[in-house]
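Student: I've got a protein model open and I'm not sure how to read it. Could you walk me through it?

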Amino acid sequence: MEEKTLKLLEFYKVKENLAKHATSSLGKDLINGLMPFDSLMRVKHELRETKEAHAMLNLGKEPPFGGLSDVRNEVLRASKGLTLDGSELLTISAVLRTTLRMSQYLESCNYPWLLQLGYRLDHLPNLYRAIEETFDDEGKVIDSASVELSRIRRDLQVSSQRLDDKLNSMIRSADVKKYLQESLITRRGDRLVIPVKQEYRGQVPGIIHDQSASGATLFVEPTAVVELNNNIRILKEQEIEEVRRILKELSFQVGQEEEKLVLNVETLGRLDFAFAKARYAYTLKATEPELTADGFFEVDKARHPLLKGDVVPIDFSLGKDFQTLIITGPNTGGKTVTLKTIGLMVVMAQAGLFIPAEEGAKLLFREAVYADIGDEQSIEQSLSTFSSHLTNIIQILKKADQSSLVLLDELGAGTDPQEGAALAIAILNHLHSKNVMTVSTTHYSDLKSYAYLTEGVENASVEFNPETLSPTFRLLIGIPGRSNALSIAKRLGLSQSIIDFAKTKISTESLEAGTLIERLEENRRLSEEYKAEARELKEDAKKLKEKLDREKLSLEKEREELLQKHNLAAIDQLEKNKKLIEELIGSIREKNSLEDAKELRRIVEEEENLLKAEIKKSEKKRQSLKPTQEIKVGSQVILKQSNLPATVLSIEGTKALVQAGIMKVSIPLIDLEPHEEEAVSKTKSQIARYKLQKETIKTEINVIGKTVEDALEEIDQYLDSAFLVGLNSVRIVHGKGTGALRKGVQEYLKEHPQVKGFRDGVQGEGGIGATVVDLA
């Protein structure tokens, strides 16, 4: 898009506001260079970037950009063999620390674009550790940076202490003290000296390094400490050389990682840019627009992003029922702001920004936006306002085509009204014939008639309140603007006779048109009220439906839970009855009443059969319940009993055949739960579930006292779960009894696809009262 158009629309001010939300110079640089993109695919990518960053902020997760700096120049210098200083290396270390934190931050998200950027980050732990272990917080190389530096500084400390001790001993000595101006040690250059009176210069042998301004004091390095001072100087030079070597080595390591460091910096800059767009969207209460190559513009509650305070939103559409929109109305009514708002919606969206409008805004991708807005009078070229605008419009007419959007402000203004109106109609007609989408503002009433008479051209106006004598700034599509001069004059107190005389100078057609427009506005106001009421009713109905759906879901779950609880209670009662009866039978046997024992067993078996029948009936009823969420072939589901993932292969009645790992299982629909996860987190979740299940599924099942049919049904479900969680061996406890249950179980195991082999238990495993099963 042309720079001139962006300037007229004040897109640079939008970028200035956007840049306030970036935390680094890297993000700000990307914002400064931001332009609308000329590819729909690129625009969608940029919007997705904004959307994902916006979603992360919506979760309350602020990205850790602290410590981010543009260190590309330092890295480049290091790659060329130059040595970096401590502060530069610490800045690189801070960037690596930010890289690590950002990597950890992005690990917690499930957004593909952000994850993709996260994969590009490498916090280079070895380089980071090397720098951190070399410097203190002030950028000074610490003693432990190298063995040699540690030795040098230790020797330096010892030598310095010996020198101090020697000089202190001298200035306290009675033999020397009498020759001193003062009993103190001072420094000249890098040498420690003592102040000797000038007249006693020969009494303190040594090297004179300086004298006082008066010449009365000489600063002498005593001969006794010259060697010590020399040694200290040598050690300091060695220290400087060792520090230089350490810095050079670290700089070399930085240079070796040039590519990764530059990629880190640029990636962090891109992330800063993305989150700046997201924060700006929050500030504007902006939403994601939907852009298409073929379609139309339809935006509700659009707000100019640069206006502050209580901004009146506008609804606009273009390209569906009409492709040319002519906005008429008085000055200061908001026509130009409306024009800029429409232009900025398009430009912002195509720059990858959310737009300040209601959710669901539809925009048509435009390869170019051309605008002629405001006063373009050129003093240098001696061009009038009219000439300046016309020169610009001529260039627009040459370039605009059906992939463009043209915005024209006060078309035909600045010249004779009759000729200006005719010229404006001709220009609009030319653009319309080329299928160029156009929005124009004008004062001329003739353009209203042109819009009425031309298919694909629509009138619009900015609403004016005659009671307050001020514009409301609302855009009214389908209603042309009308003059409010006489109404305003009357409210301001102009004589009625003058107003009546003025009316005689207005044509009957104009007066009738004004009355018609007034009625149209009244009808529109009523329509808006009805629409608002309808929207409110629709919203209430939607909320009521959601409430009823939630209640229905809750009732269904409650019903399922009650049935399941009933089954469990019945099974529990059956087990208790069995135990009680066995105790009674044992008691009867002790009394040698065999007939009573047989009769009691018959009664027990009869009651047991009735209870089992009730359990089966209840379970069948539970399994016939419809799932609370839709499950279809191909759905990813969770098996409720084992909490394992599976895929639905087919559905027949109230049962589904599912694939869980390498095993196929038929299971009631009510025991399945829809399971939709992002591919990124699915593997982690499955691993966690398998680990959990392996810990919770027991390695044995007890079916003593059950019929063969009931036992096999339980064993079948148990073996499926044991196989899926990776158990290698399990034990089935069936008891000895008559041997019928043992035989039935082992016959079944011979045909089971997951059973690799089985055997009777040995001593300590239950003997022939248990079967040990090896799973495939």
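**Reading the model, feature by feature**

Tutor: Let's begin with an arrangement of a helix and some strands. This is a predicted model, and in it helix α23 (residues 740-751) lies across β21 (729-733), β22 and β23. The helix runs at about 155° to β22.

Student: What is the order of the strands in that sheet?

Tutor: To read a sheet, go from strand to strand across it. Here you have an open sheet of four strands, in the order β20-β21-β23-β22, and the pairing is mixed. β20 (700-702) and β22 (755-760) stand at the edges with a single partner strand each, so one side of each has no neighbour in the sheet. On average, neighbouring strands are turned by 20° against each other, direction ignored.

Student: Do β22 and β23 run parallel or antiparallel, and how many bridges join them?

Tutor: Check the direction of each strand, then look for the bridges. β22 and β23 (residues 770-775) run antiparallel, joined by five bridges. For one pair to find on screen, take V755, whose bridge partner in β23 is L775.

Student: Let's try another strand. Is β2 largely enclosed or not, and why?

Tutor: Look at how many of a strand's residues are buried. In β2 (residues 191-197), six of the seven residues are buried, so the rest of the structure largely encloses this strand.

Student: Which strands pair with β2?

Tutor: Strand β1 (residues 186-188) is one: three bridges join it to β2, and the two run antiparallel. Across that pair, R188 stands opposite R191. The hairpin of β1 and β2 has two residues between the strands, and G189 takes a positive phi near 70° there. Strand β4 (residues 217-222) is another partner of β2, also antiparallel, over four bridges. In that pairing I194 stands opposite V220.

Student: Now the inside. How many residues has the largest nonpolar core?

Tutor: For a core, look for buried nonpolar side chains that touch. The largest such core has 58 residues, and F11, F316 and L407 have the most contacts inside it. Helix α13 (residues 335-350) gives the most to this core, eight residues. If you click on F11, you'll find that it touches residues including L34, P36, L344 and M348, leaving out those up to four places away in sequence. There's also a second, separate core of 42 residues, with L26, A53, L84 and M102 among them.

Student: What about a single residue in a loop? Is S403 buried or exposed?

Tutor: Compare its relative accessibility with the cut-off: under 20% counts as buried. S403 has 16%, so it counts as buried. You'll find S403 in the loop between α14 (385-399) and β11 (404-408). Its side chain makes a polar contact of 2.6 Å with the side chain of D401. Beyond its neighbours within four places in sequence, S403 is in contact with R366, E367 and A368.

Student: And which element has the lowest mean pLDDT?

Tutor: Where pLDDT is low, don't read the predicted coordinates in detail. The mean for the protein is 81, with 79% of its residues at 70 or more. Among the elements, helix α21 (residues 679-696) has the lowest mean, 42, while helix α2 (residues 11-19) has the highest, 95. Over residues 376-383 the pLDDT is below 50, and this stretch has ten contacts in the model beyond near neighbours in sequence. Residues 677-695 also stay under 50, and the model has 24 contacts for them beyond four places in sequence.

Definitions and conventions. Residues are numbered from 1 along each chain as its sequence is written. This is a predicted model: local features need pLDDT of at least 70, side-chain atom pairs count only at pLDDT 80 or more; totals for chains, interfaces and linings use all residues. Side-chain values use heavy atoms; hydrogens and water are left out. Two strands pair if DSSP finds at least two bridges between them. Axes are lines fitted to C-alpha atoms, for helices over the stretch in contact, and angles run from 0 to 180 degrees between N-to-C directions. Contact means heavy atoms within 4.5 Å. pLDDT is the predictor's confidence in each residue, from 0 to 100. A nonpolar core is a set of buried Ala, Val, Leu, Ile, Met, Phe, Trp, Tyr and Cys residues joined through side-chain atoms within 4.5 Å. Buried means under 20% relative accessible area, exposed over 50%, partly exposed in between (1.4 Å probe, protein chains only). A polar contact is a pair of N or O atoms within 3.5 Å; within protein, one must be able to donate a hydrogen and the other to accept it, and residues adjacent in sequence count only if both atoms are side-chain atoms.
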